[in-house]
Amino acid sequence: MWRARAAAVCVVCQSLANSSYGVKGKSPLQKLHLVSRSIHHPHYTSSKFQRPPLRTSIQQFSSLNRLPLRKTKLLSVKYGYLSHRNFWVARLASRLLKLRYLVLGSAVGGGYTAKKTYDQWKEMLPDLNDYKWIVPDFIWELDEHIDFEKLSKVLPDAEDLAKLLPDFDKIGESLSSLKGFFSPGSQGETAFRATDQGYENDKQYKKGLLGELILLQQQIQQHEEEARRATGQYNTGSSQQKRKVSDKEKIDQLQEELLHTQLKYQRILERLEKENKELRKLVLQKDDKGIHQRKLKKSLIDMYSEVLDILSDYDASYNTQDHLPRVVVVGDQSAGKTSVLEMIAQARIFPRGSGEMMTRSPVKVTLSEGPHHVALFKDSSREFDLTKEEDLAALRNEIEIRMRKSVKEGCTVSAETISLNVKGPGLQRMVLVDLPGVISTVTSGMAPDTKDTIFSISKAYMQNPNAIILCIQDGSVDAERSIVTDLVSQMDPHGKRTIFVLTKVDLAEKNVASPNRIQQIIEGKLFPMKALGYFAVVTGKGNSSESIESIKDYEEEFFQNSKLLKTCMLKAHQVTTRNLSLAVSDCFWKMVRESVEQQADAFKATRFNLETEWKNNYPRLRELDRNELFEKAKNEILDEVISLSQVTPKHWEEILQKTLWERVSTHVIENIYLPAAQTTNSGTFNTTVDIKLKQWTDKQLPNKAVEVAWETLQEEFSHFMTEKKGKEHDDIFDKLKQAVKEESIKRHKWNERAEDSLRVIQHNALEDRSISDKQQWDAAIHFMEDTLQSRLKDTESVIEDMVGPDWKKRWLYWVGRTKEQNIRNETKNELEKMIKCNEDHAAYLANDEVTTVRKNLEAKGVAVDPCLIKDTWHQVYRRHFLKTALSHCNLCRRGFYYYQRHFVDSELECNDVVLFWRIQRMLAITANTLRQQLTNTEVRRLEKNVKEVLEDFAEDSDKKVKLLTGKRVQLAEDLKKVREIQEKLEAFIEALHQEK
């Protein structure tokens, strides 16, 4: 290049020199650049070349920096040879100065030319930034997490490792066949001539497979430009009828060649991805033989999905709404939403039905990259292997079960979100939400509000200003029947976050009379809805048993032969679910990067507000959320249950004996003691008592004793549970403790064998009549006396209620008797007269005695019913009997001596004292037996039941929300959630910045 420029300059210089030879004035060589003069005429010496005289001073320039140098006056010389007296020092100096300009000029000119050549080469290099997606993101971060020096030592030999690498020979053959398409003489020679010339300049980039892909894409772009240029020429040349047919054929041929080239390019990419999957597995899998064990950190998309899961449970009571991006999949029912989502996830994971509503609740699917193709739910540790049909069927069944459980009774759809994570090699990282299909009519079997509920759920997700709306339209039906497009237009009128997808294009191409209609849909001219991008996909032939691979092959085959692509109605980047997946993923992450920091700031402000409110309302309390409060209450309840085992045996027996006697005393007095006391002699008394006690023991007493023991245990347990512990008592646990107590008591069942063993013990205790000492005798008399006095007091109270106040109370408190009370009082007085006449009267009145009393009262002007007379007699006789028994009990205090002699030669008989001693001893033995069973068995079983109830409550979040309530609990819960959300958002943002 330098020599070419020098030769050109030499020709100009010689022509100028010849034309002006011998003319006085400035030489043309003086007008040349100093560097040019030094290069072209280095052989001219001062003795041979005569410089014309310079009459004026000239301005010289440096070739180094183009700045003017200082002016110098050159000596004027005459034509001809110099005189012999010239100084040789001056001649030497001028030669040296001339050499300096020669060196500096050559260096500067060469550097400038080299820089210009470098810039030209740099501009011809392709921009590789658009192809970073070919290499996974984690490859660039491997050096941060893997020690490659240790890895190189444990890796297998080069021969074994070479088996894992792709077959470059086969790839080269494919590329050579593709290169042959662009060889001279082919139809695409003209369109790709510029690319063939660039191929010589970019030779080093063609050595690898990546370089071939880059070059191929450049050729595709050139081919598209040539096709558009030919199409434009065809449209403008409508006047030339003869050339019209040939131009059209050329355009069709170019478009067909372009389509084949793009499909070949797509196949090479897919082949490269398959080979990369094996390498990804090698890096991500835990290899016990080679790569050292290490804990993989959470991926970026998993961190983001966790934030969304927490936000779904967070009640935004402080107006902090969830505006984090997610891809919302909406569409009409049976439009193919689920099929598109399955193609993106590369697995048939959703339940299917023909024309029936299958998506009954939102399903959040988090797609991430992993070594194995698996799926798992947020609240479960089970992994479903998506490469096995058995696991796929189990996963579909589990999703359907969860959907049906989430739907409440009387409803068809639910707003409860099901969270599912899908991992696999080559999956695009994003979060998608599959919503129930929009319907136009509520059919039989659906709830009346199904249509409105689906609309409200869809609007709730789409009104998020950062949500990406994936609008699915069925291409096999008329576009005018679509409902979802109007709904999407309302939520995103400008189409800044909407991606339109036309499904079932294969059926649309067959059924639609005018293919231009499909073109209008994809170009966004048919619907008023606007969108970021428009895509056309094929999701199978409608057979639910089709595999993802077969659907991909069918989709590729269809678009390869489709007239829509051949006639340029659809562009290559607008078709196939793979291109759709890439576009949605790019849009999703772009939206995430633009909005996540703003959301983090919003939650930071909310956290500050909550912390301020807590400090103002509860300055001395820790911020315990619902789970922490439950754990605290759980420990308190278990401590209180343990306190039951610390109750003394004496306390248990006293409570049991007292409660049991209160329960059975009425039966003893009314059904045993009173009937036996009506007998005439002691033998009949004892016989009657034995029979009554035997019947009582066999039928009622053991059951009553067990009931008393169980009620006593409940009362003691309730006492410990509800006892307030001074200032440390926290009433926030009262509702929880009450629920635990009720549920534990409900689950507790007394040992069924206890009654049988207790019956034998009680029967033996009642058969014993031997009082061993005077102390026991006195204790029995004291027990009998207390019982009779208590009964007498109760009887006196009943009689007072029947007859009204006596004369003292009437005078002191100014109260009177009612008419009925006056009648009962007269009846009582008449009956008392009868008892005074016969103190040994029987317990029941005869009919003639009732008639006599009634007539006596009628004589006084009191009309009385016979039933009233008998009722009054029962209480009057009862009081008379109890007073007589108390006086007899007082006489028996000194009767122990006669008892030891079996009341021989004594008129005193104290068989009633023996009866009460037998009852008292039975109560003591029964209380002791029940106490042993309580402390040894029942308290431990109750403690076990309490633990089980607490464990069940701990797993039931709804139960905890119901039992632990109040402003303090809700405030602490919101504060915990907001802190967790903010921390996870900050961690996600940090990881997001590191990935950039």
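## Salt bridges

Searching the whole of this predicted model turns up 41 salt bridges. Take Lys364 and Asp309 to begin with: their closest N and O atoms are 3.0 Å apart. The two sit 55 residues apart along the chain, with Lys364 in strand β2 (residues 363–368) and Asp309 in helix α13 (residues 300–313). Both ends of this bridge, Lys364 and Asp309, are buried.

Next up is the bridge between Lys976 and Asp625, at 2.9 Å from N to O. This one ties together distant parts of the chain, 351 residues apart: Lys976 belongs to helix α37 (residues 967–995), while Asp625 is in the loop between α22 (577–617) and α23 (626–644). Is Asp625 buried or exposed? Its relative accessible area is 3%, so Asp625 is buried. Lys976 comes in at 33% relative accessibility, and therefore counts as partly exposed.

## Around helix α29

Glu785 and Arg893 also meet through their side chains in a salt bridge, 2.5 Å from N to O. Here Glu785 is in helix α29 (residues 774–803) and Arg893 is in the loop between α33 (866–891) and α34 (896–900), which puts the partners 108 residues apart. Why does Glu785 count as buried? The cut-off for buried is under 20% relative accessible area, and Glu785 has 15%, so it falls on the buried side. Arg893, at 36% relative accessibility, is partly exposed.

As for the helix itself, α29 has 30 residues and spans 43 Å from its first C-alpha to its last, close to the 44 Å expected at 1.5 Å a residue. Right after α29 comes Gly804, with a positive phi near 90°. There is also a salt-bridge network to look at, which links Glu796, Lys828, Glu832, Arg879 and Lys883.

## Nonpolar cores

How many residues make up the largest nonpolar core? It has 98, and the ones with the most contacts inside it are Tyr673, Trp696, Trp777 and Ile919. Helix α35 (residues 911–955) is the top contributor to this core, giving 17 residues.

Zoom in on Trp696, skipping its neighbours within four places in sequence, and you'll find it in contact with Val664, His667, Val668, Ile672, Leu701, Ile919 and Met922. Another core, of 66 residues, lies apart from the largest one; Leu427, Met430, Val596 and Leu985 are among its members.

## Rings and charges

The aromatic pairs come to 15. In the pair of Trp614 and Tyr618, the ring centres are 5.0 Å apart and the planes meet at 50°, so this pair is tilted. Trp614 and Tyr618 are both buried. Elsewhere on the list, ring pairs join Trp661, Tyr673, Phe783, Phe881 and Phe916 into a cluster. Tyr673 has already come up, as one of the residues with the most contacts in the largest nonpolar core.

Then there are charges placed over rings. Which residue lies over the face of Phe377? That would be Arg402, at 4.0 Å from the ring centre. Over at Phe630, the charged end of Lys960 sits above the ring, 5.6 Å from its centre.

Notes:
Residues are numbered from 1 along each chain as its sequence is written. This is a predicted model: local features need pLDDT of at least 70, side-chain atom pairs count only at pLDDT 80 or more; totals for chains, interfaces and linings use all residues. Side-chain values use heavy atoms; hydrogens and water are left out. A nonpolar core is a set of buried Ala, Val, Leu, Ile, Met, Phe, Trp, Tyr and Cys residues joined through side-chain atoms within 4.5 Å. Buried means under 20% relative accessible area, exposed over 50%, partly exposed in between (1.4 Å probe, protein chains only). Helices (H or I, at least four residues) and strands (E, at least two) are DSSP runs, numbered from the N terminus. Contact means heavy atoms within 4.5 Å. A salt bridge is a side-chain nitrogen of Lys or Arg within 4 Å of a carboxyl oxygen of Asp or Glu. The expected span of a helix is 1.5 Å times one less than its number of residues. Rings of Phe, Tyr and Trp (its six-membered ring) pair if their centres lie within 6.5 Å; planes under 30 degrees apart count as stacked, over 60 as edge-to-face and the rest as tilted. A charge sits over a ring if NZ of Lys or CZ of Arg is within 6 Å of the ring centre and within 35 degrees of the ring normal.
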